[in-house]
Amino acid sequence: MTELYACAGSGNCMKPWLAINQLGKDISLKLVDVLNGEQKSASYLAVNPKGVVPFLVTADGEGIGESNAILWYLAEGTHLMPQTAQARAEALQWMFFEQTKLEPFIAPARFFSFIVPQERDAHHDEIIAWQEGARPGLAQLDDHLAKRRFILEQGYSVADIAVFGYVHVLQEAGLDIVETPNIARWIEDVSKTENFCSLDELSSHTLRAA
């Protein structure tokens with residue numbers, strides 16, 4: 001059986017988790033305790049020598065890393081994959097954008113503000129810098145969503161899931177959702193899609209039946 005290795009609380013791990021549930025795929029979820037260093041254990045390094053999550057092991061034993069690559073693999077041949085070459089290119093554009101203009105800023109600000117708040121004061125200046133770094137990308141996304149319900153014109157797709165992973169928890173990074181009303185509306189719309197599973201549900205280790 002295909003296996004997804006993931007950790008609780010991670011926006012990157014939520015991406016394939018959400019796609020798996022929305023597509024009704026029969027995949028075994030294996031939670032890795034990153035905060036306690038389980039990703040660097042000998043047993044996990046035997047699965048993924050890079051020692052990071054998420055990581056997908058296919059039924060054939062092939063490994064796939066990087067959240068958006070895993071997401072793209074899972075979406076292949078499904079309704080989440082854009083229907084035309086142009087739309088697929090646009091989806092990839094936003095997936096690259098998410099990994100360069102959003103996630104690198106939101107994720108660490110959230111980690112030290114929300115996941116390990118005891119370290120917030122020690123990283124105060126860095127958190128401020130990460131928050132400032134996230135704002136231009138969020139403003140660009142907000143402007144885009146002023147014209148569309150979802151990221152692509154065709155509707156909900158792999159692009160939305162990729163961007164949703166960390167953007168939907170921007171407030172946990174100390175960013176104000178009031179500054180981006182179109183993103184706020186989009187988050188609500190994504191949360192209402194069929195078989196949506198929240199980030200909190202990832203921790204429960206309960207996959208919905210296909």
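## Phenylalanine 111 and its ring cluster

Let's start in helix H4, where phenylalanine 111 sits. This is a predicted model, so take everything here as read off that prediction. With a relative accessible area of 31%, phenylalanine 111 comes out as partly exposed. Setting aside residues up to four places away in sequence, phenylalanine 111 touches Leu35 and Val116.

Phenylalanine 111 also has a far-off stretch of chain to look at: glycine 9 is 102 residues away along the chain, yet the two C-alpha atoms are separated by 9.4 Å. On the aromatic side, ring pairs join Phe111 with Phe112 and Trp130 in a cluster.

## Other aromatic pairs

How many aromatic pairs does a search of the whole structure find? The count is seven. One of them is tryptophan 94 with phenylalanine 97, an edge-to-face pair with 5.1 Å centre to centre and 70° between the planes. Both residues belong to helix H4 and are three residues apart, about one turn of the helix. Tryptophan 94 and phenylalanine 97 are both buried.

Phenylalanine 164 and tryptophan 186 make another edge-to-face pair, this one at 5.8 Å centre to centre and 70° between the planes. Here the partners come from two helices: phenylalanine 164 is in H6 (residues 158-167) and tryptophan 186 is in H7 (residues 181-191), so the pair ties together parts that are 22 residues apart in sequence. Phenylalanine 164 is buried, at a relative accessible area of 1%, and tryptophan 186 is buried too, at 0% relative accessibility.

## Salt bridges

Now for the charged side chains. The structure has nine salt bridges by the rule used here. Arginine 110 and glutamate 172 form one of them, with 2.7 Å from N to O. Arginine 110 belongs to helix H4 while glutamate 172 is in the loop between H6 and H7, so this bridge ties together parts that are 62 residues apart in sequence. Are the two partners buried or exposed? Arginine 110 is buried at 4% relative accessibility, whereas glutamate 172 is partly exposed at 26%.

Helix H7 has a bridge of its own, between arginine 185 and aspartate 189, with an N to O distance of 3.0 Å. These two are four residues apart in H7, about one helical turn. Arginine 185 is partly exposed, with a relative accessible area of 26%, and aspartate 189 is buried, with 12%.

Lysine 192 pairs up with glutamate 188, and their closest N and O atoms are 3.0 Å apart. Lysine 192 is exposed at 59% relative accessibility, while glutamate 188 is partly exposed, with a relative accessible area of 43%. Elsewhere, Glu132, Arg135 and Glu179 are joined into one network by salt bridges that share partners.

## A buried glutamate without a salt bridge

Back in helix H4 (residues 85-115), have a look at glutamate 103. Which side chain of opposite charge is nearest to glutamate 103? That would be lysine 15, which is 6.6 Å away. A salt bridge has to fall within 4 Å, so lysine 15 doesn't qualify. Glutamate 103 is therefore buried with no salt bridge.

What does glutamate 103 contact, leaving aside its neighbours within four places in sequence? The list is Asn12, Glu98, Pro108 and Tyr166.

## The start of the chain

Finally, some strand pairing. Strand S1 (residues 3-6) runs parallel to strand S2 (residues 28-31), and four bridges pair them. Within that pairing, glutamate 3 stands opposite serine 28 of S2.

Helix H1 (residues 11-23) joins the two strands in a β-α-β unit, and that unit is right-handed.

Definitions and conventions:
Residues numbered from 1 in each chain as written. Predicted model: local features only at pLDDT ≥ 70, side-chain atom pairs only at ≥ 80, totals over all residues. Heavy atoms only, no water. Pairing = 2+ DSSP bridges. Right-handed = clockwise from strand over helix to strand, strands pointing away. Buried < 20%, exposed > 50% of the residue type's maximum accessible area, 1.4 Å probe, protein only. Lys, Arg positive; Asp, Glu negative; His and termini not counted. Contact = heavy atoms within 4.5 Å. Phe/Tyr/Trp six-rings, centres within 6.5 Å; stacked < 30°, edge-to-face > 60°.
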